[in-house]
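The exercises below ask the reader to work from a structure to short, reasoned statements about it. Each task is followed by a solution in steps.

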Amino acid sequence: ANRLVAQLTNVRIDDLAAPMEQATWLTMLEPMVGLAIFTDGILIGIQPSVVEFGSAWFWSKQCFTLFFLCEFFIRVRLTSIREHFRGPDWRWNWFDF
């Protein structure tokens, strides 16, 4: 059965039998960041049509900015500044700016 799955998905059979990688702080952080980006996008879309929550929009933007700043500093602290900007994921990491 594993051989058939490997052939259909173009994956090596050894990769199917390998144990899963241990979750790290970086891999656990990614779904939370994705949810924050999604939520922020929804709020950006809603903001022009709802005017009466003036200060709520300001504080929600402040919270998102603080969250993304903390995410950046956590990523740099867990890897290093050099790996963050010159490592294998450097193209994605430049989106933090």
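**Exercise 1. Classify R75 and describe its charged partner.**

Solution. The model is a predicted one.

Step 1. R75 has a relative accessibility of 14%. A residue is called buried when this value is under 20%, so R75 counts as buried.

Step 2. Side chains of opposite charge can pair when their charged atoms come close. R75 forms a salt bridge with E71, and the closest N and O atoms are 2.4 Å apart.

Step 3. Both R75 and E71 belong to helix 4, where they stand four residues apart, about one turn of the helix.

Step 4. The partner is treated by the rule of Step 1: E71 has a relative accessible area of 7%, and therefore E71 is buried.

**Exercise 2. Determine how many salt bridges the structure holds, and describe the one that involves D40.**

Solution.

Step 1. The structure holds two salt bridges. One of them, between R75 and E71, was treated in Exercise 1.

Step 2. In the salt bridge of D40, the side chain meets that of K61, at 2.6 Å from N to O. This pair links distant parts of the chain, since D40 lies in helix 3 and K61 in helix 4, 21 residues apart.

Step 3. The separation in space may be set beside the separation in sequence. From C-alpha to C-alpha, K61 and D40 are 8.2 Å apart. D40 also has F64 at a C-alpha separation of 7.3 Å, although D40 and F64 are 24 residues apart along the chain.

Step 4. The two partners are now classified. D40 has a relative accessible area of 14%, so D40 is buried. K61 has a relative accessibility of 24% and therefore counts as partly exposed; this class covers values between the 20% and 50% cut-offs.

**Exercise 3. Describe the largest pocket: its volume, its lining and the helices that contribute to it.**

Solution.

Step 1. The largest pocket contains about 630 Å³ of space.

Step 2. It is lined by 22 residues, of which E71, R75, W92, N93 and D96 are the closest to its centre. Two of these names, E71 and R75, are the salt-bridge partners of Exercise 1.

Step 3. Helix 3 (25-46), helix 4 (54-78), helix 5 (81-86) and helix 6 (90-93) are the elements that give two or more residues to the lining.

Step 4. Sorted by class, the lining consists of ten nonpolar, six polar and six charged residues.

**Exercise 4. Identify the residues of the nonpolar surface patch and state how accessible M28 is.**

Solution.

Step 1. W25, M28, I74 and L78 make a nonpolar surface patch of about 440 Å².

Step 2. The elements that give two or more residues to this patch are helix 3 and helix 4. M28 lies in helix 3.

Step 3. M28 has a relative accessibility of 40%, so M28 counts as partly exposed. Membership of a patch requires over 30% relative accessible area.

**Exercise 5. Summarise the secondary structure and the burial of the whole chain.**

Solution.

Step 1. The protein chain has six helices and zero strands.

Step 2. In sequence order, the pattern is therefore written α-α-α-α-α-α.

Step 3. The chain has 97 residues, and 18% of them count as buried. Among the buried residues are R75, E71 and D40.

Methods
Residues numbered from 1 in each chain as written. Predicted model: local features only at pLDDT ≥ 70, side-chain atom pairs only at ≥ 80, totals over all residues. Heavy atoms only, no water. 1 Å grid on protein atoms, 1.4 Å probe; cavity = no way out; pocket = protein on both sides within 12 Å on 5 of 7 lines; lining within 4 Å. Points joined across faces, edges and corners; volume = space filled by probe spheres on them. Nonpolar A, V, L, I, M, F, W, Y, C, P; charged D, E, K, R; others polar. Patch = residues over 30% accessible without salt bridge, like charges linked within 9 Å, V, L, I, M, F, W, Y side chains within 5 Å. Areas by Shrake-Rupley, 256 points an atom, 1.4 Å probe, with all protein chains shown as cover. Salt bridge = Lys/Arg side-chain N within 4 Å of Asp/Glu carboxyl O. Buried < 20%, exposed > 50% of the residue type's maximum accessible area, 1.4 Å probe, protein only.
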